Amino acid sequence: MSIDKTEELVLNMGPQHPSMHGLFRMIVHLEGETVTEIEPKIGYLHRGIEKLAESRTYTQFIPYTDRLDYLASPHNNWAYVQTVEKLMGVEIPERAEYLRVIFGELARIASHQVMIASTALDIAGWTAWGYAFRDRERILDMYEMTAGSRLTVNCMRIGGMSAEPPAEFWPALESFLDDTPEMLEEYYGIFFGNEIAQGRLKNVGIMPKELAENLSITGPVLRASGVQYDVRKAYPYSIYDRFDFDVPVRYGCDSYDRTIIRMDEIKESVKIIRQAIRDIPEGPIMAKVPKVIKPPVGEVYHRVENPKGELGFYIVSDGSTKPARVRIRPGTFVNLQMLPIVAKGWKIQDVVAIFATLDAVLGEVDK
Amino acid sequence: MQTLNNLFLIIAHFIRSLFADPQSVWANLTMDVINFIIVVVIIVLAALILILLERKVAGWTSMRTGPNRLGPRGWFQTIADALKLMGKEDVTPAGADKIIFKIAPMIIFSLPMMTLAVIPYGNHMAPIDLDLGIFYFLAVSAISTLAFLMAGWGSNNKYSLLGGMRAVAQMISYEIPLLFSLLGVIMITQSFNLGDIVKAQHTIPFIVLQPLAFVIYIIAGIAEVNRAPFDLVEADQEVVAGPFTEYTGLRWGLFFLGEYGNMTAVSALAATVFLGGWQGPFLPGWVWFWMKVGVIIFFMMWVRWTFPRIRVDHLMHLAWKVLLPLSILNIFLTGLGIFIYRLVMGG
Amino acid sequence: MFGKGLFQGLGITFKRMVGPNITEFYPEQKPVLPSRVRSSMGLQREKCICCNMCAMACPNGVIKLTGEKDEESKKRVLKSYHMDLGRCLFCGLCTEACPTKALTVTQEYENAVFEADDMKWDMIARAERKGKEG
C-alpha cells in the first residue's frame with residue numbers, strides 16, 4: 001500500500017497577510033515550498049477614484065490623487081495638475097516649478113526609503129525598517145510645515161503650489177540633504193551589505209531585459225533590468241531638462257538590484273534638489289488662473305516619473321467644470337504583471353521578496 | 001563568601017535535616033519536588049524577563065525606548081501581557097486534530113523543564129546530577145522537533161503545516177552540527193557529566209581550547225531554538241506564524257514560555273560547556289553562571305535584531321556544507337591535539 | 001570577505017543600542033505642530049459672511065451652512081454651520097476658499113470619538129465652547 005503521492009498545495013496569501021503590502025491577495029500553488037503558479041488578485045482597495053473624478057471639479061480632485069500612491073503623494077498631485085495645465089495651456093511661475101521639483105524629489109526619496117524599509121522587513125530585517133522610517137520622518141516634517149499634512153500632502157494646485165515653504169523649511173532641507181550620505185551608509189551597513197540579505201535577494205527573481213520591455217515595466221524595476229529609461233530624461237517635463245543628473249541603471253535583473261537601485265536614485269534626487277535650491281528664483285508661486293477652472297473641450301495625456309514607475313493621467317474635458325473622464329495609468333499596476341511570470345519556480349519566501357521589490361502600493365494599483 | 005556561594009546547598013541541607021533520616025525516600029521526594037518547582041520558576045522567570053528584554057533590545061537597536069508604560073521603565077509589561085493571555089478565549093480550529101493540537105504546547109513547555117534540570121547552576125547544584133548529562137540534554141531537546149510538527153499538523157492550517165515541515169527540516173539538520181560541536185569537549189574531559197565538564201574548566205574555559213566548536217554551537221543553537229536569522233519556522237512574513245498561527249491565549253503563551261525556556265537551556269549549556277559554568281573569581285558561582293547565560297542570551301537577541309532571515313536553501317547549505325564539515329574538522333583537530341598533548345606530556 | 005557585512009551590521013545596531021533614542025513620549029509630551037497643519041477646522045463666527053465658498057470648494061460636501069439676513073446691518077449672518085468629519089479629507093480646500101479667513105485650520109489633532117454621530121461637528125457650538133474653555 002504505497003501512498004507516495006504528492007499533492008499540490010493551494011495557499012491563499014492575503015489580503016490579510018503580514019507581507020502583503022496593502023490589500024493584495026495572491027493564490028499560490030505550491031509544490032512543497034516551491035511555487036508553481038501565482039494568481040494575483042487585486043481590487044480590495046478599489047475606491048473608484050477615476051469615477052469619483054467625474055463628479056468633482058478639477059481642483060476638488062487634487063486631494064484624491066494623494067490617495068493613489070500615498071507614499072509619494074506630491075508626485076500624484078504633480079502629474080494631475082500638470083495634465084490639467086497642459087489642457088488649459090497655463091504657464092506656471094518659475095519658482096513654483098522649482099518648488100514642485102523639490103517636493104517631487106523629496107517624495108522620491110521618501111518613497112524609496114519606504115521601499116528599502118519594507119523590503120528589509122519582508123526578509124525580517126526589523127531594525128533596518130526602523131532606520132529608514134526614522135529618516136523618512138524628516139521629509140514628512142518638511143511636508144507638514146509647508147503644506148500642512150504629512151502623508152496626503154495636497155501641496156500643488158492648478159497653476160502652482162498651495163503654499164510658499166516657511167523660513168524654517170530651507171535649513172531643514174539643507175540638513176537633511178547633508179545627512180543623506182550617512183543614512184545611505186547606514187542602510188547599506190545594516191541591510192544591503194549583510195550577506196544574509198544578499199543571499200536572499202541576489203540572483204533571485206530574474207527579470208530579463210526583454211521580458212521587462214515586453215511587459216512595459218517602468219520605473220526603477222525596469223532600470224534594474226538594464227534599460228535606461230526615465231521619463232525625466234526621455235520626455236523631460238516641468239524643468240527637468242535644466243538639471244544635471246544621471247539615470248542609474250543596473251544590470252543584475254534580480255531582486256537585489258531592484259532594491260539597491262533605489263539607493264542610487266536617492267543619491268541622484270539629492271543632486272537634483274541641491275541644484276534646485278541653488279537656482280530657485282524669487283517670485284510668485286501661483287499663476288493667474290481663473291477661480292473656476294474650465295478647461296477647453298479636448299483631451300490630454302501626460303506622464304511623469306513616479307518613484308515607482310510611470311504615472312500617467314488621461315483627461316477628457318467637455319468644457320464644463322468637471323472632467324468628463326479621467327483615466328490613471330499607475331506604474332505599479334503595470335509592473336505587477338511581472339509577479340506571476342518572474343516568481344514562478346521560486347520558494348514562497350523568494351516570492352515575498354520579489355513582491356517587495358516591486359514596491360507596489362495598492363492604493364495606486366486598485367485606484 | 002563561602003556561605004553565599006553555597007547558599008542553596010545550605011538551604012537544601014536544612015530541608016533535608018528536617019527529616020528524621022536525611023537520606024530517606026521521603027526526603028529525596030521532597031527535594032525532587034522542590035527542584036521541580038525551582039526549574040519551573042526558572043523558566044517562568046526567564047520568560048518574563050527575556051520577553052521584556054527582547055522588546056527592550058528591539059527598541060534600543062532601532063532607537064526606541066521599548067515598553068515604558070507599566071511599572072518603572074515598563075518592567076511589569078510582560079506580567080500584564082501574561083494576564084492578557086490568560087483572559088483570552090481558547091480557540092481550537094474546527095478541523096484541527098484536537099488531541100495533537102492540545103498536546104503540542106504542553107510538550108514544548110515540558111522540554112526546557114527536562115533539559116534545565118541537569119544543568120549545574122553552581123558547585124554541586126545540579127537539580128539532577130546525571131552522568132550522561134550532555135547526552136540526555138541533546139536527546140531531550142531533539143524532541144521539540146516533534147512538538148513543532150504536531151502543532152503544525154494538528155492546526156489544520158496550510159501555513160502551520162508549512163512551518164511544521166520547515167521545523168523538521170531545519171531542526172534535524174542543525175541537531176547534527178550541534179552534537180558534533182560538543183564532541184570535542186567530551187573528548188577532552190572524557191565525561192558526559194556536566195558537573196565534571198565544568199570542573200575540568202577550572203584553569204581555562206573550553207572556549208579558548210575549542211573556539212571553532214563554540215561558534216558552531218552558537219550558530220546551531222540559534223537555529224535549534226528557531227530564532228532569527230534562522231526563524232524560518234515562525235517566519236511571519238512568509239508563513240504568518242508557522243505552527244503557532246492557530247493558537248490563542250494560554251496555549252500560545254506556553255509556546256512562548258517554551259521558546260524562551262529552550263533559549264535559556266541552550267544558552268545554559270553553552271555557558272556550562274564552553275564558558276566555564278559557575279567557575280569564576282570573587283562572585284558566588286551561581287551569579288557567575290547566570291551572568292554567562294545572560295551574555296549569550298543578549299548576543300542572541302542582538303543578532304536577532306540585526307540580521308534578516310536566511311534563505312531556506314542557504315539554511316540547509318550552511319548546516320550540511322559548512323557547519324558539519326567544520327565540526328568534523330574540529331573533532332579531528334581535537335583528537336590530534338590530545339594525541340600531541342599526550343605525546344609531549346608522556347601520558 | 002564573507003562575514004564582514006554581518007559584523008558591520010552588528011556594529012551599527014550596537015552603536016544605536018547604546019546611543020540616544022528618539023522616542024516621542026506622546027501623551028505626556030504633546031508635540032507642537034506647525035501652524036499650517038490641517039488636523040481640524042476652526043470657525044470664527046463674526047468673520048463669516050455666509051458666502052458658501054467653503055461648501056462649494058469641498059470635494060465631499062462636508063460643509064452645510066445656513067445664513068440669514070440681519071435687518072440692522074444688512075449683512076448676512078451665520079445661523080448654522082455643520083461639518084461631517086466622517087466624510088472630510090482634511091484637504092484644506094475649504095480654508096483656502098474662504099475669502100475672509102473665517103474658517104481656518106487648527107492644530108487640534110486628538111479627534112478620535114467613540115460614536116459616529118460625534119463626528120458631525122456643530123462648528124458654532126465648537127467655537128463658543130472653545131472660547132469658554134480658553
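Two strands pair if DSSP finds at least two bridges between them. With that in hand, the strands of this predicted model can be read one after another, beginning in chain A.

In chain A, β2(A) and β3(A) form a hairpin with two residues between them. One residue of the turn, G32(A), has a positive phi of about 70 degrees. The two arms of the hairpin, β2(A) and strand β3 (residues 34–41) of chain A, are joined in the antiparallel sense over seven bridges. On its other pairing, strand β2 (residues 25–31) of chain A meets strand β1 (residues 9–13) of chain A, again antiparallel, over five bridges. A helpful residue to follow here is V28(A). In β2(A), V28(A) is the bridge partner of L11(A), and the bridge partner of V28(A) in β3(A) is I38(A). Strands of a sheet pair through backbone hydrogen bonds, either parallel or antiparallel.

From V28(A) and I38(A), the path leads to a helix. Leaving aside residues up to four places away in sequence, V351(A) touches V28(A), V35(A), I38(A), A343(A) and W346(A). V351(A) is one of the buried residues of α14(A). How much of helix α14 (residues 348–358) of chain A is buried? Eleven of its eleven residues are, so the helix is largely enclosed by the rest of the structure. The buried residues include nonpolar-looking names to look up in the viewer, among them I348(A), V352(A), I354(A) and F355(A), but also Q349(A), D350(A) and T357(A). Just after α14(A) comes D359(A), which has a positive phi near 55 degrees.

V351(A) also takes part in a wider picture. The largest nonpolar core holds 202 residues, and those touching the most other members are Y187(A), V351(A), Y217(B) and A270(B). The largest share of this core, 16 residues, is supplied by helix α4 (residues 94–122) of chain A. A second, separate core has 22 residues, including M41(C), A57(C), V105(C) and M123(C). In soluble globular proteins, nonpolar side chains tend to be buried together.

Chains A and B also meet directly: 22 residues of chain B are in contact with 26 residues of chain A. On the chain B side, α3 (25–61), α8 (158–189), α12 (236–239) and α15 (312–345) each supply at least two residues. Which of the elements gives the most to this side of chain B? It is α12(B), with three residues. By type, the residues on this side of chain B are twelve nonpolar, five polar and five charged.

Chain C has a sheet of its own to explore. This open sheet of three strands runs in the order β2-β3-β5 (chain C), with antiparallel pairing. Its edge strands, β2 (63–69) and β5 (120–122) of chain C, each pair on one side only. Neighbouring strands of the sheet are turned by 15 degrees against each other on average, direction ignored. Strand β3 (residues 76–84) of chain C joins β5(C) in the antiparallel sense over three bridges, and D84(C) stands opposite K120(C) in β5(C).

Finally, the predictor's own confidence can be considered. For the complex, the predictor gives an ipTM of 0.83 and a pTM of 0.87. Chain C has a mean pLDDT of 81, with 95% of its residues at 70 or more. Among the elements of chain C, the lowest mean pLDDT, 69, belongs to helix α4 (residues 123–133), and the highest, 86, to helix α3 (residues 93–97).

Conventions
Residues numbered from 1 in each chain as written. Chains lettered and ligands numbered in written order. Predicted model: local features only at pLDDT ≥ 70, side-chain atom pairs only at ≥ 80, totals over all residues. pLDDT = per-residue confidence, 0-100. Helix = DSSP H or I, 4+ residues; strand = E, 2+ residues; numbered from the N terminus. Contact = placed C-beta atoms within 7 Å. Nonpolar A, V, L, I, M, F, W, Y, C, P; charged D, E, K, R; others polar. Axes fitted to C-alpha atoms, helices over the stretch in contact; angles between N-to-C directions. Core = buried A, V, L, I, M, F, W, Y, C linked by C-beta atoms within 7 Å. Buried ≥ 20, exposed ≤ 12 C-beta atoms within 10 Å, placed from the backbone.
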